[in-house]
Amino acid sequence: MASTTAANFDGAWIVQKVQDVDLAQFEDLRFDFDGGTLYGSSPCRSFTTTFGPGTETMMFSPLQIGGGLCDEATMIAERDFLQQIGLVNRIELTGDGQLVMYNFDTPLLWAKRLEA
């Protein structure tokens, strides 16, 4: 079986679920992996970070956040979402192609590849 590398994640993803974050109020949360960089947009602000090269022991660092403001409830949910991203230290693809981000053995975020 071929090993998974950062390149396997390249492309656009739609966030389906985030541990301890209510996504009901958000439109599609999307992020893109591209050559060791993660670009994303949360409800109020954008973010970018580098990672890799491995996917078994990794860290998104530093997490750079763009400007923007929303209502207080949305800003709190966005903060919680970005905090979960900051905890990720491992990512993997499941057999059905779903992306799962972990903090050690605890799954934090689930996403599906954006269909072209």
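**Exercise 1. How many disulfides does a search of the whole structure find?**

Solution. The structure is a predicted model. A search through the whole of it finds one disulfide.

Step 1: identify the cysteines. The bond joins C44 to C70, with an S to S distance of 1.9 Å. The cut-off for a disulfide is 2.5 Å between the sulfur atoms, and the pair at 1.9 Å is therefore counted.

Step 2: place them. C44 sits in the loop between strand 3 (37-41) and strand 4 (46-50). C70 sits in the loop between strand 5 (61-65) and helix 1 (72-87). The pair therefore ties together parts that are 26 residues apart in sequence.

Step 3: find the handedness. The torsion about the S-S bond is about -135 degrees, so the disulfide is left-handed.

**Exercise 2. Decide for C44 and for C70: buried or partly exposed?**

Solution. Step 1: recall that buried means under 20% relative accessible area, exposed means over 50%, and partly exposed lies in between.

Step 2: apply this to each residue. C44 has 12% relative accessibility, so C44 is buried. C70 has 32%, so C70 is partly exposed.

**Exercise 3. Describe helix 1: its span, its start and its packing.**

Solution. Step 1: compare the span with the expected value. Helix 1 has 16 residues and reaches 23 Å from its first C-alpha to its last. This is close to the 22 Å expected at 1.5 Å a residue.

Step 2: look at the start of the helix. There, a side-chain oxygen of D71 reaches to within 3.3 Å of the backbone nitrogen of A73.

Step 3: list the buried residues. They are T74, M75, A77, E78, F81, L82, Q84 and I85. These buried residues pack against strand 1 (11-18), strand 4, strand 5, strand 7 (99-103) and strand 8 (106-113).

Step 4: turn to D80, which is also placed in helix 1. At 22% relative accessibility, D80 counts as partly exposed. D80 and Q19 are 61 residues apart in sequence, and their C-alpha atoms are 9.4 Å apart in space.

**Exercise 4. Where is R90 found, and which backbone oxygen does its side chain reach?**

Solution. Step 1: locate the residue. R90 is found in strand 6 (residues 90-93).

Step 2: classify it. R90 has 13% relative accessibility, so R90 counts as buried.

Step 3: find the polar partner. The R90 side chain reaches the backbone oxygen of F104 at 3.0 Å.

Step 4: add the other surroundings. Leaving aside neighbours within four places in sequence, the residues in contact with R90 include T55, E56, M58, V100 and F104.

Terms used. Residues numbered from 1 in each chain as written. Predicted model: local features only at pLDDT ≥ 70, side-chain atom pairs only at ≥ 80, totals over all residues. Heavy atoms only, no water. Helix = DSSP H or I, 4+ residues; strand = E, 2+ residues; numbered from the N terminus. Buried < 20%, exposed > 50% of the residue type's maximum accessible area, 1.4 Å probe, protein only. Polar contact = N/O pair within 3.5 Å; in protein donor to acceptor, adjacent residues only side chain to side chain. Contact = heavy atoms within 4.5 Å. Expected span 1.5 Å × (residues − 1).
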